Amino acid sequence: MSFASQVKKGADQYIVDAMKVVSNVYFQASYKVVGRTPVDTGRLENNWNASFGSASPVSRESAGSERGSSGKDSFESIDRVTKLINETKLGESIFLTNGLSYAQDIEMGKSGQAPAGMMRTSVKEAGGTYK
């Protein structure tokens, strides 16, 4: 095996390994965000949307109308994006957004159920895992 082919093989493996780390961090942080989202009707918890390239403005008005749905729509969106991470280019932006008008207020502590927010806490924890 030539030196050039060894370098290419090593570089290719580096990219595969980097994408595994990205996938793992995104998956763990996203699931924590959904799990930490306060639940009254379930709408907020079920309106987390995972996407590539740009933030999703989607808001599912009927999401969570059934108690006990426990973030099902959000988890399905996260799972879909996590599975596609390895097919994206290294460096492509991945988003987790909530399109409900009151999501930012809850994130900023206006809920006794999540005074430290959901996103900030989860992202900080995920980032600390790989220092």
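**Helix packing and an aromatic cluster in a predicted model**

From the N terminus on, the elements of the chain run α-β-α-β-α-α. The model discussed here is predicted.

Me: How many helices and how many strands does the chain have?
Reply: The elements run α-β-α-β-α-α from the N terminus on. Each α in that order stands for a helix and each β for a strand. The chain accordingly has four helices and two strands.

Me: What share of the residues in the chain is buried?
Reply: A residue counts as buried when its relative accessible area is under 20%. The chain holds 131 residues. Of these, the buried residues make up 34%.

Me: Are helices H1 and H2 roughly parallel or roughly antiparallel?
Reply: Helix H1 covers residues 3–36 and helix H2 covers residues 72–84, and their axes lie 10 Å apart. The two helices pack at an angle of about 175°. Angles over 145 degrees count as roughly antiparallel. H1 is therefore, with respect to H2, roughly antiparallel.

Me: Into which classes do the residues of the contact of H1 with H2 divide?
Reply: On the side of H1, the contact is made by Ser-23, Tyr-26, Phe-27, Ser-30, Tyr-31 and Val-34. H2 contributes Ser-74, Phe-75, Ile-78, Asp-79, Val-81 and Thr-82. By class, the residues of this contact are seven nonpolar, four polar and one charged.

Me: Is Thr-82 buried or exposed?
Reply: Thr-82 is placed in helix H2. Leaving aside residues up to four places away in sequence, Thr-82 touches Ser-23, Tyr-26 and Phe-27. The relative accessibility of Thr-82 is 12%, and the cut-off for this class is under 20%. Thr-82 therefore counts as buried.

Me: How many aromatic pairs are there, and is the pair of Phe-27 and Tyr-31 stacked or tilted?
Reply: The count comes to two aromatic pairs. Phe-27 and Tyr-31 both lie in helix H1, four residues apart, which is about one turn of the helix. Their ring centres are 4.5 Å apart, and because their planes stand at 35°, the pair is tilted. The answers are thus two pairs in the count and, for Phe-27 and Tyr-31, tilted.

Me: Is the pair of Tyr-31 and Phe-75 stacked or tilted?
Reply: Tyr-31, at 26% relative accessibility, counts as partly exposed. The ring centres of Tyr-31 and Phe-75 are 4.3 Å apart, with the planes at 25°. Planes under 30 degrees apart meet the cut-off, so the pair is stacked.

Me: How many residues apart in sequence are the parts that the pair of Tyr-31 and Phe-75 ties together?
Reply: Tyr-31 lies in helix H1, whereas Phe-75 lies in helix H2. The pair therefore ties together parts of the chain whose separation in sequence is 44 residues.

Me: Which residues do ring pairs link into a cluster?
Reply: One pair joins the rings of Phe-27 and Tyr-31. The other joins the rings of Tyr-31 and Phe-75. The cluster linked by these ring pairs consists of Phe-27, Tyr-31 and Phe-75.

Me: Is Asn-46 buried or exposed, and how far is its C-alpha atom from that of Glu-76?
Reply: Asn-46 lies in the loop between H1 and strand S1 (48–52). Asn-46 has a relative accessible area of 1%, so this residue is buried. Asn-46 and Glu-76 are 30 residues apart along the chain, and their C-alpha atoms are separated by 9.7 Å.

How values were computed: Residues numbered from 1 in each chain as written. Predicted model: local features only at pLDDT ≥ 70, side-chain atom pairs only at ≥ 80, totals over all residues. Heavy atoms only, no water. Axes fitted to C-alpha atoms, helices over the stretch in contact; angles between N-to-C directions. Parallel < 35°, antiparallel > 145°, perpendicular 65-115°, else oblique. Contact = heavy atoms within 4.5 Å. Nonpolar A, V, L, I, M, F, W, Y, C, P; charged D, E, K, R; others polar. Phe/Tyr/Trp six-rings, centres within 6.5 Å; stacked < 30°, edge-to-face > 60°. Buried < 20%, exposed > 50% of the residue type's maximum accessible area, 1.4 Å probe, protein only.
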